[in-house]
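Hi,

Here is the structure I promised to pass on. Have a look at it first, and then read on for what turned up.

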Amino acid sequence: MHTGKAGSRCSVDYFTLNYDTLIEDALFLEKIPVADGFNGGVTGWWDMRAYNSDEAAAKVFKVHGSVDWCLLDDDILPRRIRHSIKEEIDNEPVLIWPAATKYIESQRDPFAQILTKMRETLRPQQNEVILTIIGYSFGDAHINDELNRALLEADGRLTIIVCTEMEKPEQIWGD
């Protein structure tokens, strides 16, 4: 969960399609400073600038939302309400559900902001980037398109490692 080099000033970016809070919780348990796009504590409000924190050793980007995101009152952007408080609030989580409307929903904030950051990260201008994909079935066309474009536009500075349970890939990427 660390950058791999003691004293490194680089942060690790985690882009996840999962709704759960497993990554954030694991990082917090390890006392790793995390930026998740929210300002505040147990209750946070969306602010993309939160990712600019110099203190964050890890940045977690929830591409499809999270079980602890919800809208309150007249909010147009989500708040993060952790589990202990969320039980008292009866608001639906802010998620992109598996549906034909995923692409349209991903064009709205905060999802559009997160996808923009993912695009920037996967198209490095100087350094090399390694993207490790674990447990993804490649069923989201809008994400697959982003990955394909990133491979084409990264000028060889993007390496993708895919961990899958399949013994043999069903198709070669980009075919």
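**The closed cavity**

The residues lining the largest cavity are E24, D36, F38, V60, K62, D68, W69 and R80. Before you read too much into any of this, keep in mind that the model is predicted. The space in that cavity comes to about 30 Å³, and the count of cavities of 30 Å³ or more is one. Two strands, β5 and β6 (65-70), each give at least two residues to the lining. As for its make-up, the lining has three nonpolar residues, five charged ones and no polar ones.

**The open pocket**

The largest pocket holds about 1400 Å³ of space. It is lined by 37 residues, and those nearest its centre are D13, Y14, F15, I130 and L131. By type, the lining splits into 18 nonpolar, twelve polar and seven charged residues. Where do at least two residues of this lining come from? β1, α4 (111-122), β9 (129-134) and α5 (141-153) each supply that many. The largest share, six residues, belongs to β9.

**The cores**

Nonpolar side chains tend to be buried together in soluble globular proteins. Here, the largest nonpolar core has 23 residues, and L122, L131, I143, L147 and L158 have the most contacts inside it. At least two residues of this core come from each of α4, β9, α5 and β10 (158-163), with α4 giving the largest share, five residues. There is also a second, separate core of five residues, and Y14, L27, I32 and A58 are among them. Two residues from these cores also turn up close to the centre of the largest pocket: L131 and Y14 are among the lining residues that lie nearest to it.

**The strands**

Start with the open sheet of three strands, which has the order β1-β5-β2 and parallel pairing. Its edges are β1 and β2 (34-35); each has a single partner strand, so one side of each has no neighbour in the sheet. Between β1 and β5 (residues 58-62), which run parallel, there are five bridges. If you want a spot to zoom in on, T16 stands opposite K62 in β5. You have met K62 already, as one of the residues lining the largest cavity.

Then there is some antiparallel pairing to look at. Strand β3 (residues 38-40) pairs with strand β4 (residues 43-46) in this sense over three bridges, and a hairpin of two residues connects β3 to β4. Which residue in β4 is the bridge partner of F38? That would be W46. F38 is another of the residues lining the largest cavity. β4 also pairs with strand β7 (residues 79-81), again antiparallel and over three bridges. In that pairing, T43 has I81 in β7 as its bridge partner.

**One residue to click on**

T21 sits in the loop between β1 (12-16) and α1 (22-29). Is T21 buried or exposed? Its relative accessibility is 6%, and residues under 20% count as buried, so T21 is buried. The side chain of T21 also makes a polar contact of 2.8 Å with the side chain of D25.

Over to you, and happy browsing!

Key: Residues are numbered from 1 along each chain as its sequence is written. This is a predicted model: local features need pLDDT of at least 70, side-chain atom pairs count only at pLDDT 80 or more; totals for chains, interfaces and linings use all residues. Side-chain values use heavy atoms; hydrogens and water are left out. Helices (H or I, at least four residues) and strands (E, at least two) are DSSP runs, numbered from the N terminus. Buried means under 20% relative accessible area, exposed over 50%, partly exposed in between (1.4 Å probe, protein chains only). A polar contact is a pair of N or O atoms within 3.5 Å; within protein, one must be able to donate a hydrogen and the other to accept it, and residues adjacent in sequence count only if both atoms are side-chain atoms. On a 1 Å grid over the protein atoms alone, a cavity is a set of points where a 1.4 Å probe fits but cannot get out, and a pocket is an open set with protein on both sides within 12 Å along at least five of seven lines; lining residues have an atom within 4 Å of a point. Grid points are joined across faces, edges and corners, and a volume is the space filled by probe spheres set on the points. Ala, Val, Leu, Ile, Met, Phe, Trp, Tyr, Cys and Pro count as nonpolar, Asp, Glu, Lys and Arg as charged, and the others, Gly among them, as polar. A nonpolar core is a set of buried Ala, Val, Leu, Ile, Met, Phe, Trp, Tyr and Cys residues joined through side-chain atoms within 4.5 Å. Two strands pair if DSSP finds at least two bridges between them.
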